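Trainee: Please take me closely through one part of this structure, the helix that holds a pair of salt bridges, and then show me what lies around it in the chain.

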Amino acid sequence: MSQEYPLYVILLGAPGAGKGTQALHISKTLGVAHVSSGDLFRAVRESDTELGRLVKSYYDKGALVPDDVTIRMILERLRQPDCVTGCLLDGFPRTMEQAQALDAALKPQAKRVDKVIYLHVSESELLRRLSGRWLCRNCGASYHTVSAPPKQEGACDLCGGALYQRPDDTLETAKSRLEVYFRQTLPLIDYYMQQGKLSQVNGGQSIEAVEHAMSGALRS
Ligand code: AP5
Ligand code: MG
Ligand code: ZN
């Protein structure tokens, strides 16, 4: 693990900002686990359990899963051995209550959120990205029909896995997710800015340029 990098890093940004796309690369650079609340919920959503049905009822509308369920799931994930020395959080926290619960959980272990990277992208670009997104069912890599197409239609460049579209990537649900983001998650920018932890990166650039800017922000 590189010593020059912080350990607990949050990727903050709207739906479609490029959190998942960048996380795959950045978590390797940092040498920490990638923890995506959305990925964890997508796995639960498919299970035929009470929790699966509860998650589905929020997820499919583009609404946030209740804080108590979300916080419990993430804190449990953070107790796994691969997160003991840090992790890259993607999609969590996204309410003030979640941010405070994370701080409260790290503090007794003499740990803290070291850095928050805020990926900023215009609303029109977010909607364009969400409606053209395809994901690899096997490794999670993301593609876009126009800006990042796979070499072979329907197959992942990295592992050959089958590509699929998320059920919440319809234009209508994507719009709801953006509204939820502006109302419930945007206040976190101030929360982390006041703590001097926030670095803003222009997420509207090419994937490579964003990657470069993020590496710079992580070293600062
Ligand atoms: P989640 O899975 O976290 O979705 P999200 O925040 O809505 O974000 P996305 O995954 O849609 O976007 P992204 O920023 O990862 O973009 P990506 O890299 O894929 O959450 C889903 C749901 O789970 C929520 O609605 C909620 O129900 C629940 N949930 C999750 N966390 C929760 C929490 N903490 N509390 C409560 N509920 C929670 O990129 C998007 C597209 O753009 C791709 O096609 C990609 O190829 C393309 N792209 C990426 N970067 C670029 C670029 N630089 N240029 C051009 N195209 C690009
Ligand atoms: Mg994502
Ligand atoms: Zn793949």
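Mentor: A helix here is a DSSP run of at least four residues (H or I), and helices are numbered from the N terminus. By that numbering, helix 6 covers residues 123-131, and both Glu 125 and Arg 128 lie in it, 3 residues apart, about one turn of the helix. Keep in mind that this is a predicted model.

Glu 125 forms a salt bridge with Arg 128, with 2.9 Å between the closest N and O atoms. Glu 125 has a further partner in helix 6: Arg 129 sits 4 residues from it, again about one turn of the helix. In that salt bridge the closest N and O atoms are 2.8 Å apart. The two arginines fall into separate exposure classes. Arg 128 has 31% relative accessibility, so it counts as partly exposed. Arg 129 has 16%, and therefore counts as buried, the limit for that class being under 20%.

The model has 12 salt bridges by the same rule. Further along, a network held together by shared partners takes in Arg 133, Arg 166, Asp 168, Asp 169 and Arg 177. One of its links is the salt bridge between Asp 169 and Arg 177, at 3.0 Å from N to O; both of these residues are buried.

Next comes the metal site. The zinc ion (ligand 3) is coordinated by the SG atoms of Cys 136, Cys 139, Cys 156 and Cys 159, at 2.3 to 2.4 Å. Along the chain these donors follow the spacing C-x2-C-x16-C-x2-C. Cys 136 belongs to strand 5 (residues 133-136), while Cys 156 is in the loop between strand 6 (142-144) and strand 7 (163-164), so far along that the pair, 20 residues apart, links distant parts of the chain. Cys 136 and Cys 156 are both buried. The angles between the 4 donor atoms at the zinc ion run from 96 to 117°, which is why the arrangement is tetrahedral. For four tetrahedral donors the ideal angle is 109.5 degrees.

On the other side of helix 6 in the numbering is strand 4 (residues 115-120), which runs parallel to strand 8 and is joined to it by 5 bridges. One pairing is that of Ile 117 with Ser 199 in strand 8. Both strands belong to an open sheet of 5 strands, in the order 2-3-1-4-8 and with parallel pairing. Its edges are strand 2 (33-36) and strand 8 (198-202).

Definitions and conventions: Residues are numbered from 1 along each chain as its sequence is written. Chains are lettered from A and ligands numbered from 1 in the order in which they are written. This is a predicted model: local features need pLDDT of at least 70, side-chain atom pairs count only at pLDDT 80 or more; totals for chains, interfaces and linings use all residues. Side-chain values use heavy atoms; hydrogens and water are left out. A salt bridge is a side-chain nitrogen of Lys or Arg within 4 Å of a carboxyl oxygen of Asp or Glu. Helices (H or I, at least four residues) and strands (E, at least two) are DSSP runs, numbered from the N terminus. Buried means under 20% relative accessible area, exposed over 50%, partly exposed in between (1.4 Å probe, protein chains only). Donors are N, O and S atoms within 2.8 Å of the metal (3.2 Å for Na, K and Ca); water is not among the atoms, so sites may look incomplete. Four donors count as tetrahedral if all angles lie between 85 and 135 degrees; four count as square planar and six as octahedral if opposite donors are over 155 degrees apart and all others between 65 and 115; anything else is irregular. Two strands pair if DSSP finds at least two bridges between them.
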